[in-house]
Amino acid sequence: MLAGSRARGQALSRISFVLDWLPVRSLEVLNSQIIRCIKCPRLVTYRQAIAKSKRRQFRDWTYWGRPVPGFGDPEARLLVLGLAPAAHGGNRTGRVFTGDRSGEWLYEALHRFGFANQPQSTDRHDGLRLTDCYVAAMVRCAPPGNKPRPDEFDACRPYVLEELRLLRKLRVVVALGKIAFDHYLRACRELGHPVPSPALRFGHGAVHRLPWGVTLIGSYHPSQQNTFTGKLTRRMFHAVFKQARSLLAKPRR
Ligand code: SF4
């Protein structure tokens, strides 16, 4: 009996191993893989420790404490890329840019320009829906000090590569911050796209038309460091999404 259940367990684990290596056919399947990921020991320890210790104001929450998958419309023409989930934001709520100040800025702007049905993003059951927009991060686990290590970017990049393959209608990418900007281009190089050389320069509002038909827009990240100091104002942030909207309104060349 025991031998039988062990054999069944081994068979299931072999099937699961094979499934992990098959080409991912949908964002749903990809996301179910992402939330099980334990490739980065440092980040696994950190995200779980934060989920246990919690912040006082969220002590009644059951933290997500797992990798945070992408969120939005699988038919999206706009992709917004951030760096990584916040320890008490996405790592608490389980949805990217949800439950923190950066998310308040991002979803308010997406709502203003018609990509979201509401400006609030408080938890993953709050009714938020995105249309023509997908939001993801370069690293899916909250990192200590908001700083993933290079090996953690490398370990997590296959997920964004898969998203870029699956978002077949993609036309505009908004990169929130220079790190997301540079890593998006690196991912594109790995996909075999002819990434321009010398390297494209990040700047707030800088628009780069890429040879494979996608337009990349740089934006300062709506972190508290940028918004509290006035480095990024609402007006500046709105201008980025206004630009994205107007690019999407034009017919594809
Ligand atoms: S950061 Fe990415 S690769 Fe590393 S454990 Fe989290 S989901 Fe997995």
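Two strands count as paired here if DSSP finds at least two bridges between them. With that in hand, let us walk through this predicted model, beginning with its sheet. Six strands make up an open sheet of mixed pairing, and their order across it is E1-E3-E2-E4-E6-E5. At the edges sit strand E1 (71-72) and E5, each of which pairs on one side only.

A good place to step inside is strand E2 (78-82). Five bridges link E2 to E3, and the two strands run parallel. E2 also runs parallel to E4, this time with four bridges between them. Val80 lets you see both pairings from one residue: Val80 stands opposite Val135 in E3, while its bridge partner in E4 is Val174. How many of the residues of E2 are buried? Five of the five are, so the strand is largely enclosed by the rest of the structure. If you turn the sheet to view each face of E2, you will find Leu78, Val80 and Gly82 on one side and Leu79 and Leu81 on the other, all of them buried.

Now move to the edge formed by E5. E5 pairs with strand E6 (residues 215-219) in the antiparallel sense, over three bridges. Within the E5 and E6 region, Val207 stands opposite Ile217 in E6. Helix H9 (residues 234-249) packs on the sheet here, touching E2, E4, E5 and E6, and its direction makes about 170 degrees with that of E6. Another helix to look for is H7, which lies across E2, strand E4 (172-176) and E6, running at about 135 degrees to E4.

From H7 we can step across to another helix. Two packed helices are described by the angle between their axes and the distance between the axes. The axes of H6 and H7 come within 10 Å and cross at roughly 70 degrees. Angles of 65 to 115 degrees count as roughly perpendicular, so that is how H6 is placed relative to H7. On the H6 side, Phe153, Arg157, Val160, Leu161 and Leu164 make the contact, and on the H7 side His183, Ala187 and Glu190 do so. Sorted by class, this contact of H6 with H7 has five nonpolar, one polar and two charged residues.

H6 also leads us to the ligand. Which residues are the closest to the ligand? They are Cys37, Cys40, Pro67, Cys141 and Cys156, out of 14 residues that surround the ligand. Helix H3 (41-53) and helix H6 (150-166) each supply at least two residues of this shell, and H6 gives the most, with three. By class, the shell around the ligand has 11 nonpolar residues, three charged residues and no polar ones.

The loops deserve a visit too, for their backbone geometry. Most residues other than glycine have a negative phi, and most peptide bonds are trans. Phe97 has a positive phi of about 55 degrees although it is not a glycine. You will find Phe97 in the loop between helix H4 (90-93) and helix H5 (101-112). Is Phe97 buried or exposed? A residue counts as buried if 20 or more other C-beta atoms lie within 10 Å of its own, and Phe97 has 28 of them, so Phe97 is buried.

Asp132 also has a positive phi without being a glycine, here of about 65 degrees. Its place is in the loop between H5 and strand E3 (133-137). Asp132 is buried because 20 other C-beta atoms lie within 10 Å.

The loop between helix H7 (178-190) and strand E5 (207-209) is where Pro198 is found. A cis peptide bond joins Ser197 and Pro198, with omega about 0 degrees. Ala206 is in the loop between H7 and E5 as well. With 15 other C-beta atoms within 10 Å, Ala206 is partly exposed. Leaving aside residues up to four places away in sequence, Ala206 touches Arg201 and Gly218. The C-alpha atoms of Ala206 and His221 are separated by 14 Å, and these two residues are 15 residues apart along the chain.

How values were computed
Residues numbered from 1 in each chain as written. Predicted model: local features only at pLDDT ≥ 70, side-chain atom pairs only at ≥ 80, totals over all residues. Near = placed C-beta within 6 Å. Nonpolar A, V, L, I, M, F, W, Y, C, P; charged D, E, K, R; others polar. Buried ≥ 20, exposed ≤ 12 C-beta atoms within 10 Å, placed from the backbone. Contact = placed C-beta atoms within 7 Å. Axes fitted to C-alpha atoms, helices over the stretch in contact; angles between N-to-C directions. Parallel < 35°, antiparallel > 145°, perpendicular 65-115°, else oblique.
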